[in-house]
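Trainee: Let us read this one together, one question at a time. Please give me the terms as we need them.

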Amino acid sequence: MRRLRAGVELTIAVMRDPRRLIGLSDSEWEDFLAVAQETRLLSRVALERKRSRLTLDAPDWARDRLEAAAVKGAQYEREIGWEIGRIQRALRDVDIDPVFLKGAAYVAARIPCGRGRVVADIDILVEEAALADVERALVAHGWEFEPLEPYDDRYYREWMHELPPMRHRQRGTLLDVHHRILPRTGRMHPPTARLLERSVAIDGVRVLSPPHRLLHASAHLFQDGEVFGSLRDLADIASLSAGGEAFWREVAEEAQALGLGRPLFYAVRYARRMGLADELAPSTLGLVGRWAPPPATQALMDTLVHAALGGGALLQGPASGLLLMRSQWLRMPPSLLAAHLWSKIRRSSPFAS
Amino acid sequence: LTLADLPPEVLSRQLRTGTLRLRVGPFIVSVRSSLQSVRHSLLSLYAWHRVAEPGDGAHFAIHVDPPRGLRRFVRRQVQFEGNGSRPFLPLPIGMAPLLFEGAINWCVGAFAHHLVVLHAATVEKDGVGLLMPAAPGSGKSTLCAALIGRGWRLLSDEFALIDPATGELLPVPKPIALKDGSIAVIRAWSPDAWLSVPLINLEGQLHACQRPPEASVAASGERCMPRLVVIPKFLAGAEAAVSRLTRARTVMHLADNAFNYNLHGQRGFELLAEIADAAPAAILQYSNLEEGVRIVNRLAESARR
């Protein structure tokens, strides 16, 4: 566990400055490679290292593993670029220019957190009114819905913020079509229209505006919480937070307009705590301070997040569990959540028909 | 220092604690296992492989042991973990030695992306690197074992590792996997070769491992250029026949048998094209091993000129 902690610290340090790779001892290399690989950050670091033309005094095995990660990362980027083009082409039939979210957007926007990124599924955002057209066009171009139980289909269509996942018949790639960025049943409802209106095109690919990208990543991590606890998510936040005073003024305005102040507060707080966003001006903390939770809640969150990120060995599992429960709680009103869990339990029980 | 040079208690301790560092071609493999069968099999099959200082670093970290959990009280099983993932379900404990071989192969396929990796047996003689890319069951390991019994140097019976910067083949001399009928054939062919006791593998075949020749292991660092491609097709009772392949077909065949050619983008394609340019390719259909080896030697002779 001591080594895990050392690996986390090294990974963070190296992401901030690849020159930290110089002069690592063998055991430091091992700690760093293990954590960076596990948190899916190794390809990013490896490509960053190549770009900076840094020469390393690393042992052969470490150099080879870094190079392997760079090779893989470059391929991930090519694949995502290609897939984005396929999706755009399919939706041109119905005259829709989708907004790409999360990983695919970071790759398309060529920002550091998109470098060598493993993107499991591509996420796009379209107007709710256009869903039927989008679905039809995608199906015509080879995407199909994964086989679903009627209950799961209903779960997505009535309660969630996205269609059930689609998979391309030939390429096997996954696509999530969103019409909002948080579940219908949740407590926060950032208006999709505002997100789409302010989206920007980078090299022909539409993505959220920089402030909206940061707010979406924050909301995803601290509100929706499907992938809670990964260092990579906080590294994303740090990378998306890079900007001057004008940028942060806009972030604050948009956080207000979208109602995403609280997740933004958490995102900034924990990215800084992990040492990922030290360059953020202290004024930024003041700016988001107005969305701080009551002290007791904050103390609890601090403990859980710290533990989930590898700070406290014993608590890591339980803390992640509690945080997952918290995000489920935020996704749905209690009565609906109870019904949902009941139906999940019934299905997983050996007595279910 | 080779594995055979390690005092037994040192080897046992290093295996138990996972500090054993075995050099297999260009890779450092860290091995951890509490199983006697794995220790025994390593000592027999990797006797001449060098060990590195017990340290921290490795390309692949392999851990072969019975899984935890209640099942172990009912039926003893074994599972491997490679660089932190467990890609396969537990197997019967008797398969542990085969599982270790499978684990190394899996790691090469899953992690060695700094190299271009093809599914091919590779051997060398007089500077001619011979690639034999083919699907399992085509007799490539058997032909490979036969060739090293007649003066060829073993690079690998499973992988062609290519340095993307230079196009050279890197040796990764691992035990040769012989199945079913091949076991007796190679025993008769190379009476001096050491073969492990055959086990039943997952496909229900008899599976024995041949220890790589000492000279091949000692030459693990000597690279060579691919100069000949032979696609073996064992067909019982068939007349020996050679048919040449065009360069375009050669590239396609190499790509079909590649693990990670796609990851290397344009460079990957160029490399395969360079091989097709430098190495004439032929499909070799044979049933008689003596005849097959004679034809390969003849092809190598003309490739050398």
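Mentor: Begin with burial: a residue is buried under 20% relative accessible area, exposed over 50%, and partly exposed in between, using a 1.4 Å probe and protein chains only. This is a predicted model, in which local features need pLDDT of at least 70 and side-chain atom pairs pLDDT 80 or more, while totals for chains, interfaces and linings use all residues; side-chain values use heavy atoms, without hydrogens or water. Residues are numbered from 1 along each chain as its sequence is written, with chains lettered from A and ligands numbered from 1 in the order written.

Trainee: B:Arg247 and B:Asp277 meet in a salt bridge; what is the N to O distance?

Mentor: A salt bridge puts a side-chain nitrogen of Lys or Arg within 4 Å of a carboxyl oxygen of Asp or Glu. The side chains of B:Arg247 and B:Asp277 meet that rule, with N to O at 2.5 Å.

Trainee: Which helices hold B:Arg247 and B:Asp277?

Mentor: Helices (H or I, at least four residues) and strands (E, at least two) are DSSP runs numbered from the N terminus. The partners sit 30 residues apart in sequence, so the pair ties together separate parts of chain B: B:Arg247 is in helix H7 (residues 247-256) and B:Asp277 in helix H8 (residues 265-278).

Trainee: Is B:Arg247 buried or exposed?

Mentor: Compare its value with the cut-offs. B:Arg247 has a relative accessible area of 56%, so B:Arg247 is exposed. Its partner B:Asp277, at 52%, also counts as exposed.

Trainee: Now chain A: is A:Asp302, the partner of A:Arg273, buried or exposed?

Mentor: A:Arg273 and A:Asp302 form a salt bridge, with the closest N and O atoms 3.7 Å apart. The pair links distant parts of the chain, helix H12 (residues 261-273) for A:Arg273 and helix H14 (residues 295-308) for A:Asp302, 29 residues apart. A:Arg273 counts as exposed at 52%. A:Asp302 has a relative accessible area of 14%, so A:Asp302 is buried.

Trainee: A:Arg169 has a salt bridge as well; which residue is its partner?

Mentor: The distance is 3.3 Å, N to O, and the partner of A:Arg169 is A:Glu144. The pair links distant parts of chain A, 25 residues apart: A:Arg169 in the loop between strand S4 (166-168) and strand S5 (174-178), A:Glu144 in strand S3 (residues 143-145). At 38% relative accessibility, the partly exposed partner is A:Glu144.

Trainee: How many salt bridges are there over all chains?

Mentor: Side chains of opposite charge can pair when their charged atoms come close. Some link up further: A:Arg194, A:Arg198 and A:Glu254 form a network of salt bridges. Over all chains, the number of salt bridges is 28.

Trainee: What area do chain A and chain B bury between them?

Mentor: Interface size is often given as the accessible area lost when the parts come together. Buried area is the accessible area (1.4 Å probe) that two parts lose on being put together, summed over both. Of the total, 58% is on carbon and sulfur atoms, and chain A and chain B bury about 1,200 Å².

Trainee: Which residues of chain A lose the most area to chain B?

Mentor: Look for the three that together make up 36% of what the chain A side buries. They are A:Trp61, A:Asp64 and A:Val71.

Trainee: How many salt bridges are counted between chain A and chain B?

Mentor: Take the polar contacts too (N or O atoms within 3.5 Å; within protein, one must be able to donate a hydrogen and the other to accept it, and residues adjacent in sequence count only if both atoms are side-chain atoms). Between chain A and chain B, four residue pairs are in polar contact, both at pLDDT 80 or more. The count of salt bridges between chain A and chain B is zero.

Trainee: Which element gives the most residues to the side of chain A that touches chain B?

Mentor: The elements giving two or more residues are helix H2 (26-38) and helix H4 (60-92) of chain A. With ten residues, the one that gives the most is H4(A).

Trainee: Which residues does A:Pro112 touch beyond four places away in sequence?

Mentor: A:Pro112 lies in the loop between helix H5 (102-108) and strand S2 (121-125) of chain A. Contact means heavy atoms within 4.5 Å. Leaving out residues up to four places away in sequence, A:Pro112 touches A:Arg44 and A:Ser239.
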